[in-house]
Amino acid sequence: MSRELKIKAAEAAFEFVKDGMKLGIGTGSTADEFIRILGDNVAKGFSVIGVPTSERSAALCREVGVPLTTLDETPELDLTVDGADETDRALTLIKGGGGALLREKIVAAASADMVVIADDSKLVDTLGAFPLPIEVNPFGLGATRRAVEKCTQALGLSGEISLREADGKPYLTDGGHFILDASFGRIPDAEALSSALLEIPGVVQHGLFIGLASTVVLAGEGGITLLRR
């Protein structure tokens, strides 16, 4: 996705933001463009307060002057704006390519609405071409990984399940967890997979976002397309 398309998607998402809103602020390169637009408007007197979904987004918000809060101080939000790695037409998402899925899901669930910004290549008929991130506790990793393999095989899913690494070491999330990336290819029943994964004690959360997004803003060469639930 070109930066120009990311900016167009972010501008379209900003149309959903009203003065005085309590916002969930997403993570990723497209969310970064939204944060910059937000900062420009705050500098002109626009009033918002935000809960960032990662340390990266928090740092950029501070840099551009977006006021921040926490879910402890502000437990109910009006709107979250965030990106996605994949979306289907039912607005079920795969998120977590950037490693912030747990905080992203907590913030989205605390919000009355969620607007997703992406380019139109992220729209798919069936989720799963993008590897599904599964956030796991480092303790008992081998047993958790085996349990994930067994439960997904029972659902008829196959494909490599790999431990995400960074600089030759296991990638560590902001919450101190590891991520398994599951390359299933197709996920025909996201709800069944979600339920099965969350039954595994070592699984902290996964990147299937079901029933959270209310609008998806897709930017393409032909303009902006809105999908609504």
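D32 is buried in this predicted model, its relative accessible area being just 10%. Even so, D32 pairs up with R56 in a salt bridge, with 2.6 Å between the closest N and O atoms. The pair ties together distant parts of the chain, since D32 is in helix α2 (residues 29–43) and R56 is in helix α3 (residues 55–64), 24 residues apart. R56 has a relative accessible area of 45%, so this partner counts as partly exposed. Here's the rest of the picture, by topic.

**Overall build**

- The chain's secondary structure adds up to six helices and 15 strands.
- The radius of gyration is 17 Å, close to the 17 Å from the globule rule for 229 residues, so the chain is as compact as a globular protein of that length.
- If you lay the C-alpha trace along its principal axes, you get a span of about 55 × 35 × 30 Å.
- How much of the chain counts as buried? The figure is 52% of the 229 residues.
- Take the contacts with a separation of 6 or more, and 74% of them come from residues 24 or more positions apart.
- The accessible surface is about 10,300 Å², and carbon and sulfur atoms own 48% of that.

**Charges and salt bridges**

- The chain has 22 positive and 33 negative charges, and the mean positions of the two sets lie 1 Å apart.
- How many salt bridges does the chain have? The count comes to 11.
- One of them joins E104 and K95, with the closest N and O atoms 3.2 Å apart.
- Are the two ends of that pair buried or exposed? E104 counts as buried at 4% relative accessibility, and K95 counts as buried too, at 2%.
- R146 and E149 also meet through their side chains in a salt bridge, at 3.4 Å from N to O.
- That pair sits in helix α5 (residues 141–154), and because R146 and E149 are three residues apart there, about one helical turn separates them.
- R146 counts as partly exposed at 43% relative accessibility, and E149 is partly exposed as well, at 25%.
- There's also a salt-bridge network, which links R3, E33 and R36.

**Positive phi outside glycine**

- L91 has a phi near 65°, a positive value in a residue that isn't glycine.
- Where does L91 sit? Look in the loop between β4 (86–87) and β5 (93–94).
- L91 is buried, at a relative accessible area of 1%.
- D167 is another non-glycine residue with positive phi, at about 55°.
- You'll find D167 in the loop between β9 (165–166) and β10 (169–170).
- D167 is exposed, with 81% relative accessible area, whereas L91 is buried.

**Two buried leucines and their surroundings**

- L157 lies in the loop between α5 and β8 (161–163).
- The relative accessible area of L157 is 8%, so this loop residue is buried.
- Which residues does L157 touch, leaving out those up to four places away in sequence? The set is T152, F184, R186, I187, P188 and L193.
- For a sense of distance, the C-alpha atoms of L157 and D120 are 26 Å apart, with their positions 37 residues apart along the chain.
- L180 belongs to strand β11 (residues 178–182).
- At 0% relative accessibility, L180 counts as buried.
- Setting aside neighbours within four places in sequence, L180 contacts L132, P133, I134, V136, L141, R145, V148, I161, S162 and L163.
- L180 and E15 are 165 residues apart along the chain, and their C-alpha atoms are separated by 35 Å.

Key
Residues are numbered from 1 along each chain as its sequence is written. This is a predicted model: local features need pLDDT of at least 70, side-chain atom pairs count only at pLDDT 80 or more; totals for chains, interfaces and linings use all residues. Side-chain values use heavy atoms; hydrogens and water are left out. Helices (H or I, at least four residues) and strands (E, at least two) are DSSP runs, numbered from the N terminus. The radius of gyration is taken over C-alpha atoms; the globule rule is 2.2 Å times the number of residues to the power 0.38. Buried means under 20% relative accessible area, exposed over 50%, partly exposed in between (1.4 Å probe, protein chains only). Contact means heavy atoms within 4.5 Å. Accessible areas come from the Shrake-Rupley method with a 1.4 Å probe; for residues, only the protein chains shown count as cover. Lys and Arg count as positive and Asp and Glu as negative; His and the chain ends are not counted. The place of a charge is taken as NZ of Lys, CZ of Arg, CG of Asp or CD of Glu. A salt bridge is a side-chain nitrogen of Lys or Arg within 4 Å of a carboxyl oxygen of Asp or Glu.
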